[in-house]
Amino acid sequence: MKKPSLYGFTQEQLEAWLGERGHRKFHAMQVWESLYRKRVSSFPAMVEAGVKPEVARILEEAHAIGTLEEHTRQESVDGTVKFLFRLLDGNLIETVLMKHKFGLSVCVTTQVGCNIGCSFCASGLLAKSRDLTAGEIAEQIMRVQLFLDEAGAGQRVSHIVVMGIGEPFDNYTHLMNFLSIVQHPKGLAIGPRHITVSTSGLTAKIRDFADSDAQVNLAVSLHAPNNELRTRIMKINKALPIEKLLESIDYYLERTRRRITLEYILLADVNDRREEAQELADLIRSRPQLLKLANVNLIPYNPVDEHSQYQRSTLEAINGFYDTLKKNGVSASVRLEHGADIDAACGQLRSKQLRGDEDKEPVAAGV
Ligand code: SF4
């Protein structure tokens, strides 16, 4: 039997699970600390770390500590490390570790495939076959942390971006449990301001997120200043056009008063001209709250074989777009590239692996 990951429990769920079996709250805390602080990787090690043998035994009967198997790892000269993990059901997912001046961040995957189908995205080529569980998302962080522990330099994952394969808000319950797991002060203790969730713009979930007590950062993929262009780039815009998206963002800003990131991928001669920059600036300036709280994150496109219709913007176009926003008083930044010498674009390593593996074994639905 394939057992689910222990990393899938929130602290409260673990307390309840052990409580139903006659064990007290402090036993749950001992298990929690052994997993996230002492980072044990076996049940005997859990007992050595101070967990009652009977508690470890019943946990082992129903759960595994680790469920991800490392399939491929690519390391970039700039310190970026890309992991391809195989899940228990054979599906492959990507996780990326990035080094920044401010710390180490991990980009996690939330679904196997994705149904949003953004036209520039290597991940969106394969329809979603299933959501990841909270345990499978949390374990990605743990696997990267264990990789850092093995390197022995005392480094820890300090930031998380939920921007890998999948639409996190299409897997909302598992996402929220994952956020609770990684933030717990007696565990990984990653602060909410160090976590960013990125959505393609599921408006109802943006509202739910605003109403939740998650204090984490939100990024919304805009990628175009008008509906015609956005629908060309992101087919989700047909169902959820810019007006609806901005209304949900207004609600979010009203409720939270937090800053928000608007992601804008720059595609050469598609959405990267000064006219589009001006249109975007006008759109943002028409909403005072948005102007005050939004930062536009410009993302120069990484060309992938699967989408030869898109090319990278020239440096001149990137600078021109940025300057136009700034001249209009719109906060903007250009995303630095990580792992340029490896399969850097989101989903690229997985997509390449799936093509290479096609004749070997079925590793993902639809392959
Ligand atoms: S960019 Fe994100 S939301 Fe869009 S298809 Fe790719 S994984 Fe899905």
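**Exercise 1. The chain as a whole**

In this predicted model, residues 24 or more positions apart make up 67% of those contacts in the protein chain that have a separation of 6 or more. Work out how the radius of gyration of the protein chain stands against that of a compact globule, and describe the extent of its C-alpha trace.

*Solution.*
- Step 1: start with the expectation. For 367 residues, a compact globule would have a radius of gyration near 21 Å.
- Step 2: compare. The protein chain has 21 Å, so the value agrees with that of a compact globule.
- Step 3: add the extent. Along the principal axes, the C-alpha trace spans about 65 × 50 × 40 Å.
- Step 4: add burial. Of the 367 residues, 44% count as buried.

**Exercise 2. Domains and secondary structure**

List the domains that the domain assignment gives for the protein chain, and find what distance separates the centres of domain 1 and domain 3.

*Solution.*
- Step 1: read the bounds. Domain 1 covers 6-62, domain 2 covers 67-190 + 348-367, and domain 3 covers 200-301 + 303-336.
- Step 2: take the centres over C-alpha atoms. Those of domain 1 and domain 3 are 43 Å apart.
- Step 3: count the elements. The protein chain holds 14 helices and 12 strands.

**Exercise 3. A pair of helices**

Now look at helix α7 (residues 203-211) and helix α10 (residues 242-256). Are these two roughly parallel or roughly antiparallel to each other?

*Solution.*
- Step 1: recall the description. Two packed helices are described by the angle between their axes and the distance between the axes.
- Step 2: apply it. The axes of α7 and α10 come within 9 Å and cross at roughly 0 degrees.
- Step 3: classify. Angles under 35 degrees count as roughly parallel, and α7 and α10 are therefore roughly parallel to each other.
- Step 4: find the residues in the contact. From α7 come Thr 203, Ile 206, Arg 207, Phe 209, Ala 210 and Asp 211. From α10 come Lys 244, Leu 245, Ser 248, Ile 249, Tyr 251, Tyr 252, Arg 255 and Thr 256.
- Step 5: sort them by class. The contact of α7 with α10 has 7 nonpolar, 3 polar and 4 charged residues.

**Exercise 4. Two residues with positive phi**

Ala 189 and His 223 call for a closer look. Ala 189 has a positive phi although it is not a glycine, and His 223 also has a positive phi in a residue other than glycine. Is Ala 189 buried or partly exposed, and is His 223 buried or exposed?

*Solution.*
- Step 1: place Ala 189. This residue lies in the loop between α6 (172-183) and β8 (195-199), with a phi of about 55 degrees.
- Step 2: judge its burial. Ala 189 has 13 other C-beta atoms within 10 Å, so it is partly exposed.
- Step 3: place His 223. The loop between β9 and α8 holds this residue, whose phi is near 65 degrees.
- Step 4: judge its burial. Burial takes 20 or more other C-beta atoms within 10 Å; His 223 has 26 such neighbours and therefore counts as buried.
- Step 5: stay in that loop. Asn 226 lies in the loop between β9 (217-221) and α8 (227-233) as well, and with 15 other C-beta atoms within 10 Å it is partly exposed.

**Exercise 5. Three residues and their contacts**

For Cys 107, Ile 141 and Asn 295, find the element each one sits in and the residues in contact with each beyond four places in sequence.

*Solution.*
- Step 1: Cys 107. Strand β4 (residues 103-107) contains Cys 107, which counts as buried with 24 C-beta neighbours inside 10 Å. Cys 107 touches Thr 95, Val 96, Met 98, Val 161, Met 163 and Gly 164. Val 197 is 90 residues away from Cys 107 along the chain, with 9.9 Å between their C-alpha atoms.
- Step 2: Ile 141. Its place is in helix α5 (residues 134-151), and 22 other C-beta atoms within 10 Å make Ile 141 buried. Its contacts are Val 106, Val 108, Val 157, Ile 160, Val 182 and Leu 188.
- Step 3: Asn 295. Strand β11 (residues 294-300) contains Asn 295, which is partly exposed, with 14 other C-beta atoms within 10 Å. Asn 295 is in contact with Arg 259, Thr 261, Ser 331, Ala 332 and Ser 333.

Notes: Residues are numbered from 1 along each chain as its sequence is written. This is a predicted model: local features need pLDDT of at least 70, side-chain atom pairs count only at pLDDT 80 or more; totals for chains, interfaces and linings use all residues. Domain bounds come from an automatic or database domain assignment. Axes are lines fitted to C-alpha atoms, for helices over the stretch in contact, and angles run from 0 to 180 degrees between N-to-C directions. Helices (H or I, at least four residues) and strands (E, at least two) are DSSP runs, numbered from the N terminus. Angles under 35 degrees count as roughly parallel, over 145 as roughly antiparallel, 65 to 115 as roughly perpendicular and the rest as oblique. Two residues are in contact if their C-beta atoms, placed from the backbone, lie within 7 Å. Ala, Val, Leu, Ile, Met, Phe, Trp, Tyr, Cys and Pro count as nonpolar, Asp, Glu, Lys and Arg as charged, and the others, Gly among them, as polar. The radius of gyration is taken over C-alpha atoms; the globule rule is 2.2 Å times the number of residues to the power 0.38. A residue is buried if 20 or more other C-beta atoms lie within 10 Å of its own, exposed if 12 or fewer, and partly exposed in between; C-beta atoms are placed from the backbone.
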